[in-house]
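Visitor: I have not looked at this structure before. Could you walk me through it?

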Amino acid sequence: MATKNRSSARASTLDRQFGHPSGVMGSVVGYAMAIEHKKLHQAVVDRLVLSQEDKVLEIGFGPGTAVKLAARHAAFVAGVDPSMEMVLQAKRRNGPAIRSGRVQLQRASASALPFANETFDIVFEVNSFNHWDSKESGLTDVLRVLRAGGRFLMALRQGHGPSLESDLEMLAELLARTGFSQIECERHQLGHGGAFVTAHKPYKVTFSDLMLVLFLGG
Ligand SMILES: C[S@@+](CC[C@H](N)C(=O)[O-])C[C@H]1O[C@@H](n2cnc3c(N)ncnc32)[C@H](O)[C@@H]1O
């Protein structure tokens, strides 16, 4: 019994470290994530279909491997993560791109993104959403920093229970309530399995747009 309790305590300490890496253990977990999530990061960046004009933001970048892949294709990649250990590790991994000004990594949370409105064409996150301190305010801030028509890609991991389907339903509702449109979910079998969720920031239709449509149409 005591052995079972000790091993479940170790497992939950490790789970906590994946969500909020800190100290020496956090750095080790960062290196492990860089290896374990390699295929998933490549699949996410392939899905983003980046062009040399795109300004991109990753939220909860962890070891910074997806940032590095995205920076090969985009004009500019920014990233935020509240873990000091992950910021240091990701900065080391992206040193040359940071020095050339194509990558900028900061210590910050999803719910207080340090960027002006409509800065990014694309925002993405990989396995970090479940750890955000406030999902509602995080999504509101993602919507704020995306340009109209911009895309948000989430890569969600299958949890320990069979709840991904209901999680996806709740997430789709939350995204719609926040103001996102064109919400699509697709299951994947990479790593522990999970789902990609894509959502868009809708274009604003102004009075002058309407007048122009009426004028051109009539
Ligand atoms: C499981 S790790 C995933 C790291 C990386 N995206 C990857 O795929 O390897 C979760 C990450 O989310 C970050 N995180 C935790 N709370 C956060 C928050 N409120 N806002 C943004 N990121 C957060 C953690 O610091 C950690 O780096």
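Visitor: What radius of gyration does the chain have, and what would a compact globule have?
Guide: The chain has 19 Å, which agrees with the value near 17 Å for a compact globule of 218 residues. The radius is taken over C-alpha atoms, and the globule rule is 2.2 Å times the number of residues to the power 0.38. This is a predicted model, in which local features need pLDDT of at least 70 and side-chain atom pairs count only at pLDDT 80 or more, while totals for chains, interfaces and linings use all residues. Residues are numbered from 1 along each chain as its sequence is written.

Visitor: How many helices and strands are there?
Guide: The chain has nine helices and seven strands. These are DSSP runs numbered from the N terminus: helices are H or I with at least four residues, strands E with at least two.

Visitor: In what order do the strands sit in the sheet?
Guide: The order is β3-β2-β1-β4-β5-β7-β6, in an open sheet with mixed pairing. At the edges are β3 (103-106) and β6 (181-188), each pairing on one side only. Two strands pair if DSSP finds at least two bridges between them.

Visitor: And how do β2 and β3 pair?
Guide: Strand β2 (residues 76-80) pairs with β3 in the parallel sense, over four bridges. V77 stands opposite V103 in β3.

Visitor: Turning to the interior, which residues touch the most other members of the largest nonpolar core?
Guide: They are V44, V56, V67, A70, V77 and V123, in a core of 45 residues. Such a core is a set of buried Ala, Val, Leu, Ile, Met, Phe, Trp, Tyr and Cys residues joined through C-beta atoms within 7 Å. Of the whole chain, 35% of residues count as buried, that is, with 20 or more other C-beta atoms within 10 Å of their own, C-beta atoms being placed from the backbone.

Visitor: What is V56 in contact with?
Guide: Beyond its neighbours within four places in sequence, V56 is in contact with L50, A70, A74, V77, F120, D121 and I122. Contact requires C-beta atoms, placed from the backbone, within 7 Å.

Visitor: What about helix α8: how far apart are its end C-alpha atoms?
Guide: They are 20 Å apart, which agrees with the 21 Å that the 15 residues of α8 (residues 164-178) should span at 1.5 Å a residue. The expected span is 1.5 Å times one less than the number of residues. Just after α8, G179 takes a positive phi of about 120°.

Conventions
Buried ≥ 20, exposed ≤ 12 C-beta atoms within 10 Å, placed from the backbone. Contact = placed C-beta atoms within 7 Å.
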